[in-house]
Amino acid sequence: MKIQKICCIGAGYVGGPTMSVIADKCPDLEVRVVDINKERIAAWNDKDLNKLPIFEPGLDQIISRTRGRNLFFSSEMEKSISEADMIFISVNTPTKTKGLGAGQASDLSWVEASARQVAKFANGHTIVIEKSTLPVRTAQAIKEILKTTNRENQKNEISKTFSVLSNPEFLAEGTAINDLEQPDRVLIGGEDPDSVSDLVNIYLNWVPREKIICTNLWSSELSKLAANAFLAQRISSINSISAFCEATGANIQEVAKAIGTDKRIGNKFLNPGPGFGGSCFKKDILNLVYLSEYFGLPEVANYWNQVVVLNTWQQDRIYKIVLQKLFGTVNGKRIAILGFSFKANTNDTRESPAIRISSDLLEEGAVISIYDPKVSFEKVKEDFEKLSFDNHGSWHMVNSIEDALKNADAVLILTAWEEFFGLDWNYFASLMRTPAWVFDTRSVVNREEIKNTGLNLWKLGEGS
Ligand code: UDX
Ligand code: ADP
């Protein structure tokens, strides 16, 4: 089958950049991205590329080359699905908040709704691809939905057929374009060799054949969960050692360098920090925990659950250190928060450690000024509202580092944005009240830069 038109359901952090790169690399394909969120679609279509709904370095250039040429964003679900030869499902799969598996299992409502839309509107033979990270055996559920609806269609003499593939996305936010253009691997799971080969052919436009791994459906689904679990485990491991360093006088940067030179360990993903955030790590591990319990493997469940426990503990202990250094109270004290996104180079705040740490400080009555180069006031407001905590302080967003630090008693660096490196601390110290503290959770501040400024410095993972 010659694939000519593809459709992606879900114009989010995964669907948007992934389809932009496919459209860029395959000019002969027509790529339509659809979303029920009309505001999001309008933002993807905005002439002003600064208003794209997600910030991702390099994305604006790709959009300017492809949008309107072979890449289209719309809410026209029926037309886009019915014309497509291949449909990617890239919708949100948050952790369930209610019912069986609440707090652990993924809520598949959006995936199910998408599968039903596909079943209803598709024509002829359609390849349906799971792109969202999903629990193992979700492809089976999608197949069932498509099959059942198909039986109804057959009764009405409408003929449509489907094959389901899993093609999990491994992009990391902030480096998504590079990850998509030069992936470590592309993973395709599926049973139907023709459909697998149709998808392989799309990737062959820019990915070398040896980097395309084909497996069965379940291995593909599980590999995505396992890869994220391993990565998150690494962050919890280095963060646990950061606490150990502080207690013993060791230095986490030195330790990370020393262990990272062992080729078997490797030097990537060993940066200590305030804990991992983002939409995937916590959700995927909790999913793994839930499934392990479901399959009667409580020891496996406990093992992985500890990665999340340690991550929460890391955030808690940072807030407690701030409190302790400020003489046990932050009530009425002004604290500058530098960086609110879960990592640098993204405007995404999902599961950002900044949310929990700031809200804990607000519960203690702190007056917080937040500065982040890409996160909006509305987003922060939404994050605080979702958490529903007892706010005894107040918070506001400011437009510069300078505004955040004016009259502050402390500054807490939570995201490693480029502009936070190499600051003129002599000048910033003059804006702050004394005694003032700098709490650096991302190894952004050099101890030498702080010398003679009168500021006190606490660095994560540095024992005194
Ligand atoms: C992750 C996976 O990397 C990606 O393959 C998958 O598709 C989605 O989940 P993402 O969450 O976008 O990507 O970002 P990532 O770079 O993995 O960072 C996750 C969190 O770990 C961030 O909060 C980051 O600050 C933290 N982190 C990462 C560290 O604290 N230290 C590190 O060394 C690396
Ligand atoms: P991810 O990080 O996985 O891309 P996002 O939350 O950023 O997740 O994006 C998922 C997108 O999917 C959202 O924009 C949401 O509106 C969209 N979506 C969810 N359900 C449907 C649906 N049934 N049809 C179309 N779009 C949907």
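Which polar side-chain atom lies 3.3 Å from a nitrogen atom of ligand 2? In this predicted model, that atom belongs to Gln117. The protein covers 89% of the 580 Å² of accessible area that ligand 2 has on its own.

Two further polar contacts involve oxygen atoms of the ligand. A polar side-chain atom of Arg40 is placed 2.6 Å from an oxygen atom of ligand 2, and Val14 takes part through its backbone, with an N or O atom 2.9 Å from a ligand oxygen. Both Val14 and Arg40 are listed among the closest of the 17 residues that surround ligand 2, together with Tyr13, Asp35 and Arg350. By residue class, this shell comprises seven nonpolar, seven polar and three charged members. Helix α5, spanning residues 109–121, makes the greatest contribution to the shell, supplying three residues.

Attention can now turn from the ligand to open space in the protein. Rolling a probe the size of a water molecule over the atoms reveals where such empty space remains. The second largest pocket has a volume of about 310 Å³ and a lining of 14 residues. Nearest to the centre of this pocket are Ala105, Leu108, Pro135, Tyr290 and Leu291. Nine of the lining residues are nonpolar, three are polar and two are charged. Helix α11 (residues 281–294) provides the largest share of the lining, namely four residues.

Where does this pocket sit with respect to domain 1 and domain 2? Because domain 1 (5–215) and domain 2 (282–459) both give residues to its lining, the second largest pocket lies between them.

Conventions. Residues numbered from 1 in each chain as written. Chains lettered and ligands numbered in written order. Predicted model: local features only at pLDDT ≥ 70, side-chain atom pairs only at ≥ 80, totals over all residues. Heavy atoms only, no water. Near = heavy atom within 4 Å. Polar contact = N/O pair within 3.5 Å; in protein donor to acceptor, adjacent residues only side chain to side chain. Areas by Shrake-Rupley, 256 points an atom, 1.4 Å probe, with all protein chains shown as cover. Helix = DSSP H or I, 4+ residues; strand = E, 2+ residues; numbered from the N terminus. Nonpolar A, V, L, I, M, F, W, Y, C, P; charged D, E, K, R; others polar. 1 Å grid on protein atoms, 1.4 Å probe; cavity = no way out; pocket = protein on both sides within 12 Å on 5 of 7 lines; lining within 4 Å. Points joined across faces, edges and corners; volume = space filled by probe spheres on them. Domains from an automatic or database assignment.
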